[in-house]
Amino acid sequence: GHYISVDTSYEGEKAVLSSPELYSEEWSCVRLIYQIATTSEASPDPARLNLYLRHEGESFDRLLWSAKEPSDSWLIASLDLMNSTKKYKIVLEGEMGQDKSASIAVFEIKITPGYCIECDFEENHLCGFVNRWNPNVNWFVGGGNIRNSQSILPKDHTLNTELGHYMYVDSVYVKHFQEVAQLISPKTMAPMSGCLSFYYQLKQESSIVFTVYLRDTSGFYEEIWKTDSALSADWALAEVDFDAPYPMEVIFEVAFNSAKGGYVALDDISFSPVYCSNQTGMRTPFNPAEAGCNFEEDLCNFYQDHKDGPGWSRVKVKRNVYRAGDHTTGFGYYLLANTKFTSQPEYIGRLYGPTLPGNLQFCLRFYYALYGFFKMSGTLAVYIFEENHVVQEKIWSVLDSPKGVWTQAEISFKKPMPCKVVFVSWCKSFWDCGLVALDDVSLSLGSCQAADLLLPNPGECTFEKDECMFTQKKRGRGSWHRRRGPTPTSYTGPKGDHTTGVGYYMYIEASNMVYGQRAYLVSRSLRGTSGKQCLTFFYHMYGGGTGLLSVYLKKEGDEEEIPLWRRTGEQSISWLRGLIEYESDRNYQIIFEAIRGVSMRSDTAIDDILFQAGPCLEVEEIQFSSGYPDSLNEIEY
């Protein structure tokens with residue numbers, strides 16, 4: 001057969017192969033048979049094969065999958081594509097990296113309707129199912145009328161003939177007590193829930209245990225099905241409710257007690273997005289968005305217990321140069337506890353979250369800022385209350401953090417019973433009662449570590465690792481710099497970044513520049529689309545001498561740059577959110593231009609840039625404006 005390949009004789013940085021325009025209203029599965037070969041030992045910048053989804057109307061490709069592990073045989077990758085009304089293309093990209101001996105080959109790419117965990121075992125790639133090798137017992141392919149095979153069954157289930165194939169495991173070679181054979185499905189790549197069904201035969205002379213597990217990325221096993229019948233001479237149907245809100249593998253495991261155990265055969269694994277039994281009906285899957293809040297409108301699904309007294313208040317600070325505003329936009333609301341009205345010693349404020357279902361892995365993220373405490377440790381803590389409110393477990397508490405900087409915390413947890421997250425602020429003594437601020441609480445499924453390993457959103461740049469899709473016109477002392485922590489000049493620039501409080505942002509260092517000097521941060525060429533696009537970013541303009549920050553759109557083939565947004569002069573001590581709606585049917589670049597102001601106190605910074613397809617869902621009051629309003633430093637309760 002033929003394959004397509006790229007190696008280092010190719011001069012470019014990336015070799016790109018694009019599919020025709022595709023359209024799938026049904027859920028489908030992309031199977032890719034590929035190999036990355038190299039003769040060198042581990043290279044710091046290895047060759048990589050990436051698979052992207054290019055949706056109509058979007059300026060960025062979405063990275064679905066990426067591999068860099070070399071192998072000496074063909075490997076299979078199975079990727080779920082959720083049903084969508086948009087047309088799309090699949091783009092394969094080979095990056096050669098610095099490895100001079102590498103080559104990347106693709107033997108087959110196939111898009112089939114259905115789910116990747118489904119399989120009838122008729123094709124030799126076995127849909128990406130793999131046997132976990134064991135010296136004595138393994139899953140084998142049976143059937144196909146191979147006379148010399150250990151083909152125990154006269155017929156498979158799919159074709160119901162001796163030519164069809166199935167998987168089986170046999171106890172003939174069992175040497176030890178409790179030998180286990182495992183057949184592992186490809187990992188689910190998109191959230192799914194419904195009914196998993198399969199056909200099996202089981203013949204036993206001494207006890208065989210046939211079990212189906214789910215295994216998540218952290219290696220946690222959950223049993224979802226086990227054989228109850230002693231014998232099934234013919235193909236029996238098994239059905240089991242299946243929930244995979246985050247990536248999971250399905251594991252078919254057979255355990256034998258002796259060589260006289262017998263055998264198990266398996267065929268026709270299939271999945272339907274409706275739960276198996278009608279009694280359960282359509283369970284509504286848990287929506288993690290309901291357990292988060294940015295406090296802009298209200299407390300969402302959070303609440304306080306009134307016998308605790310007035311603990312947390314929703315407040316808003318007008319833009320000013322003394323006190324930071326909220327984290328969401330810099331103009332909005334956040335929660336404040338231990339305020340001056342309630343500072344009695346041993347004072348406790350509790351904020352309860354909504355009830356979360358048990359037996360799911362969660363990642364909780366939120367932002368907090370502390371003011372006015374001598375000792376910070378323990379002033380804010382997070383507890384898990386199990387539903388009966390008897391069991392409480394402390395899962396996080398603040399140790400130390402930069403004063404007055406919005407700092408991100410993230411916590412993974414999983415509890416067997418339904419539970420609530422409770423934020424507790426604590427004022428230990430009258431003399432040390434400060435302010436605790438809380439904002440942008442979010443909850444996602446899966447552990448935080450797994451979420452960090454997820455593929456990055458291509459239209460987002462937080463500057464944590466690099467400058468992403470941006471480059472500089474010229475680098476020098478008077479250009480944009482990537483930095484973490486406060487800027488060197490006092491009374492100007494941010495104290496920390498917007499992403500986590502302890503990460504990176506881009507800024508201009510005014511002390512290295514002269515009045516009116518410009519620094520440009522330019523995006524790479526972005527794909528033009530029909531329809532509106534929304535650009536969100538955070539900017540920081542604090543300092544008596546602050547100059548200008550402008551954003552321009554430059555279309556391919558045009559000399560002129562179209563001004564989209566501008567701010568002049570000192571704006572606030574907070575990170576503020578900028579929103580820009582624009583459109584461009586031709587390829588284009590976005591340019592951030594900062595101009596140094598009259599004095600050294602002119603460090604301007606930006607962070608957390610996000611491009612989204614479609615119009616902006618919110619509006620920013622002003623696109624072009626100068627300095628801050630008169631009434632400073634008022635907190636509105």
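Here are four short exercises, with worked solutions, on a predicted model.

**Exercise 1. A buried acid**

Work out where Asp-608 sits, and which side chains it makes polar contacts with.

*Solution.*
- Step 1: Find the element. Asp-608 belongs to strand 38, which covers residues 604–613.
- Step 2: Look for a charged partner. Asp-608 is buried but has no salt bridge. The nearest side chain of opposite charge belongs to Arg-482, and that is 11 Å away. A salt bridge needs the nitrogen and the carboxyl oxygen within 4 Å.
- Step 3: Look for polar contacts instead. The side chain of Asp-608 has one with the side chain of His-498, at 2.8 Å. Another, at 2.5 Å, joins the side chains of Asp-608 and Thr-499.
- Step 4: Check what else is around. Leaving out residues up to four places away in sequence, Asp-608 touches several residues, among them Cys-461, Phe-463, Thr-536 and Phe-538.

**Exercise 2. Two disulfides across the chain**

Take the disulfides Cys-363 to Cys-448 and Cys-534 to Cys-616, and say which parts of the chain each one ties together.

*Solution.*
- Step 1: Start with the total. The whole structure has seven disulfides.
- Step 2: Take Cys-363 and Cys-448. Their sulfur atoms are 2.0 Å apart. Cys-363 is in strand 22 (residues 361–371) and Cys-448 is in helix 1 (residues 448–453), so this link ties together parts 85 residues apart in sequence.
- Step 3: Get the handedness. The torsion about the S-S bond of Cys-363 and Cys-448 is about 100°, so the disulfide is right-handed.
- Step 4: Check burial. Buried means under 20% relative accessible area. Cys-363 has 0%, so it counts as buried, and Cys-448 is buried too, at 1%.
- Step 5: Now take Cys-534 and Cys-616, whose sulfur atoms are 2.1 Å apart. This pair links distant parts of the chain, with Cys-534 in strand 33 (residues 529–541) and Cys-616 in the loop between strand 38 and strand 39, 82 residues apart. Both Cys-534 and Cys-616 are buried.

**Exercise 3. A disulfide with two kinds of end**

Decide whether Cys-293 and Cys-300 are buried or partly exposed.

*Solution.*
- Step 1: Confirm the link. Cys-293 and Cys-300 form a disulfide, S to S 2.0 Å. The link is right-handed, with 70° about the S-S bond.
- Step 2: Use the cut-offs: under 20% is buried, over 50% is exposed, and partly exposed lies in between.
- Step 3: Apply them. Cys-293 has 6% relative accessibility, so it is buried. Cys-300 has 37%, so it is partly exposed.

**Exercise 4. Salt bridges between elements**

For Arg-365 and Glu-410, find the salt bridge distance, and explain why the pair ties together separate parts of the chain.

*Solution.*
- Step 1: Recall the idea. Side chains of opposite charge can pair when their charged atoms come close.
- Step 2: Find the distance. The closest N and O atoms of Arg-365 and Glu-410 are 2.7 Å apart.
- Step 3: Place both ends. Arg-365 is in strand 22 and Glu-410 in strand 25 (residues 407–414), so the pair ties together parts 45 residues apart in sequence.
- Step 4: Compare burial. Arg-365 is buried at 17% relative accessibility, whereas Glu-410 is partly exposed at 33%.
- Step 5: Put the pair in context. The whole structure has twelve salt bridges. Another one joins the side chains of Arg-586 and Asp-558, at 3.0 Å from N to O. There is also a network, where salt bridges that share partners join Arg-54, Asp-61 and Arg-527.

Definitions and conventions: Residues numbered from 1 in each chain as written. Predicted model: local features only at pLDDT ≥ 70, side-chain atom pairs only at ≥ 80, totals over all residues. Heavy atoms only, no water. Helix = DSSP H or I, 4+ residues; strand = E, 2+ residues; numbered from the N terminus. Buried < 20%, exposed > 50% of the residue type's maximum accessible area, 1.4 Å probe, protein only. Lys, Arg positive; Asp, Glu negative; His and termini not counted. Polar contact = N/O pair within 3.5 Å; in protein donor to acceptor, adjacent residues only side chain to side chain. Contact = heavy atoms within 4.5 Å. Disulfide = S-S within 2.5 Å.
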